[in-house]
Amino acid sequence: MSFKRVVITGMGAITPIGNDVSTYWKNLVAGVSGAAPITRFDAEKFRTRFACEIKGLDINDYIPRQEARKMDPFTQYAVIASDEAMKDAGFADDTLDLDKAGVIWGSGIGGLKTFEDEVLNFAANDKSPRFNPFFIPKMIADSASGVLSIRYGFRGPTFITVSACASATNALIDAYNYIRLGMMNVCISGGSEAAVTNAGVGGFNALKALSERNDSPETASRPYDKDRDGFVLGEGGACIILEEYEHAKARGAKIYAEMIGAGMSSDAYHITAPHPEGLGAFNVIKNVVENAGVRPEDIDYINTHGTSTPLGDPQEITAIEKYFGEHAYNMNISSTKSMTGHLLGGAGAIEAAACILAIQDQIIPPTINHFTADPDINPRLNLTFNKAQKRKVNIALSNTFGFGGHNASVIFKKYES
């Protein structure tokens with residue numbers, strides 16, 4: 001059977017460095033850090049007292065107060081990003097078959113703040129069961145996809161993918177395959193996360209996963225730097241509108257790029273640590289390139305998972321060098337988590353958007369906060385340190401890896417009719 005082509009016709013974002021796609025991209029290219037002291041709660045007793053929070057957001061500017069109260073922040077972020085993306089895609093109400101339009105969203109944790117608030121309230125009130133009637137609908141991860149489906153009237157396949165920090169990329173992969181197979185014409189996809197809470201920061205601190213560079217939050221996320229000491233927790237999300245090519249063409253849609261490949265693998269090694277030799281990372285890169293039907297030397301840019309952890313960064317670089325060989329030194333590579341922090345289940349969405357925009361504007365966003373070379377990382381690699389670089393970008397690859405050994409990668413290509 002022949003597969004249908006899948007193109008990108010709309011994008012939306014709410015991130016620690018911009019509450020829309022334009023601002024996000026401008027600050028990404030400029031190398032702006034989104035890290036700052038935590039304002040969500042009193043973090044004085046925590047080992048990590050900073051994060052990449054959303055800034056300057058009045059939720060009531062986007063969602064009426066009564067509606068917003070029924071949503072966890074991760075769902076609010078999904079709505080904000082999706083509203084922007086739907087407007088960007090420019091659908092006319094009478095041209096969209098709602099039975100062939102769906103929502104496939106990603107979140108690694110879901111309504112953590114809602115869960116935390118309700119349990120703390122329960123404990124503080126003599127354990128009397130006075131739970132909010134919206135507790136469960138707000139908390140469950142699938143609430144975001146349900147809210148979006150209702151909001152736009154989409155009646156096609158609607159669900160959420162959960163694969164830790166690979167969640168949003170897995171959502172994009174499912175959307176891509178559903179459209180390729182003819183099961184949908186249009187899909188709202190992407191991911192969001194809102195884990196800057198007591199439990200989120202405390203839990204990752206207990207795992208020793210977070211940077212503790214409290215004296216310099218803006219430089220704490222240091223992918224590939226010798227002195228990296230953990231990731232910086234971020235929040236927000238992004239929406240990518242995937243559309244069947246002929247459907248988009250027939251309505252005269254603006255097309256950003258084409259999605260041409262999807263790959264998945266598992267480390268089958270450890271619940272939190274990556275495979276030390278990068279086996280899963282190697283396999284997912286191999287799988288996505290082969291699925292895209294391109295040659296390794298066709299890849300111009302890789303947006304890496306690059307979390308700034310001592311174990312994670314080297315194994316991904318090892319996999320890249322092993323798979324691409326000499327071409328690894330001809331590509332640009334960068335980790336935009338150096339600016340946004342790590343959005344966990346939402347990371348793959350904002351990083352897919354970065355790849356699409358790199359193709360559109362022919363510029364590579366940098367890996368900021370590089371101060372000291374890591375002797376274990378080959379200096380021949382172009383890790384786009386500290387400053388954006390102009391170059392030809394025809395094909396871009398995005399990697400996301402999650403606890404449990406989940407690996408997911410996608411490839412985007414410059415659109416050609």
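This talk walks through one strand, three helices and some ring contacts of the structure above, which is a predicted model.

Let me begin with strand β4, residues 101-106, where 6 of the 6 residues are buried, so the strand is largely enclosed by the rest of the structure. In a regular strand the side chains alternate between the two faces of the sheet. In β4 both of those faces are covered, with A101, V103 and W105 buried on one side and G102, I104 and G106 buried on the other.

What are the neighbours of this strand? β4 runs parallel to strand β6, residues 186-193, and 6 bridges join the two, while strand β5, residues 158-161, also pairs with β4 in the parallel sense, over 4 bridges. If you would like a residue to look for on the screen, take V103, which stands opposite I188 in β6 and has T158 as its bridge partner in β5.

Staying with this part of the chain, helix α6, residues 143-152, has S143, A144, S145, L148, S149 and Y152 as its buried residues, and these pack against β4, β5 and β6 as well as against helices α3, residues 73-89, and α5, residues 135-139. The helix is followed by G153, whose phi is positive, near 75 degrees.

Now to the aromatic rings, of which a search of the whole structure finds 11 pairs. One of them brings us back to β5, since F159 and Y178 form a tilted pair, with 5.9 Å from centre to centre and 55 degrees between the planes. Because F159 lies in strand β5 and Y178 in helix α7, residues 167-180, this pair ties together parts that are 19 residues apart in sequence. Are these two rings buried or exposed? F159 counts as partly exposed, at 23% relative accessibility, and Y178, also at 23%, counts as partly exposed too.

A second tilted pair is formed by Y245 and Y415, whose ring centres are 6.1 Å apart and whose planes are at 50 degrees. Here Y245 lies in helix α9, residues 245-250, and Y415 in the segment after β14, so the pair ties together parts that are 170 residues apart in sequence. Y245 is buried, with a relative accessible area of 5%, whereas Y415, at 26% relative accessibility, counts as partly exposed. Y245 has a further contact, in that the charged end of R5 sits over its ring, 4.2 Å from the centre. In another contact of this kind, R180 lies over the face of F3, at 4.2 Å from the ring centre. Ring pairs also link F115, F122, F131 and F135 into a cluster.

I will finish with helix α11, residues 312-324. At 1.5 Å a residue its 13 residues should span 18 Å, and the end C-alpha atoms are 19 Å apart, which agrees. Its buried residues are G312, D313, Q315, E316, I317, A319, I320, Y323 and F324, so named here that you can find the charged D313 and E316 among them. Which elements do the buried residues pack against? They pack against helix α10, residues 279-292, and against the strands β9, residues 301-303, β10, residues 332-334, and β13, residues 395-402. Just after the helix, G325 takes a positive phi of about 60 degrees.

Notes: Residues numbered from 1 in each chain as written. Predicted model: local features only at pLDDT ≥ 70, side-chain atom pairs only at ≥ 80, totals over all residues. Heavy atoms only, no water. Buried < 20%, exposed > 50% of the residue type's maximum accessible area, 1.4 Å probe, protein only. Pairing = 2+ DSSP bridges. Phe/Tyr/Trp six-rings, centres within 6.5 Å; stacked < 30°, edge-to-face > 60°. Lys NZ or Arg CZ within 6 Å of the ring centre and 35° of its normal. Expected span 1.5 Å × (residues − 1). Contact = heavy atoms within 4.5 Å.
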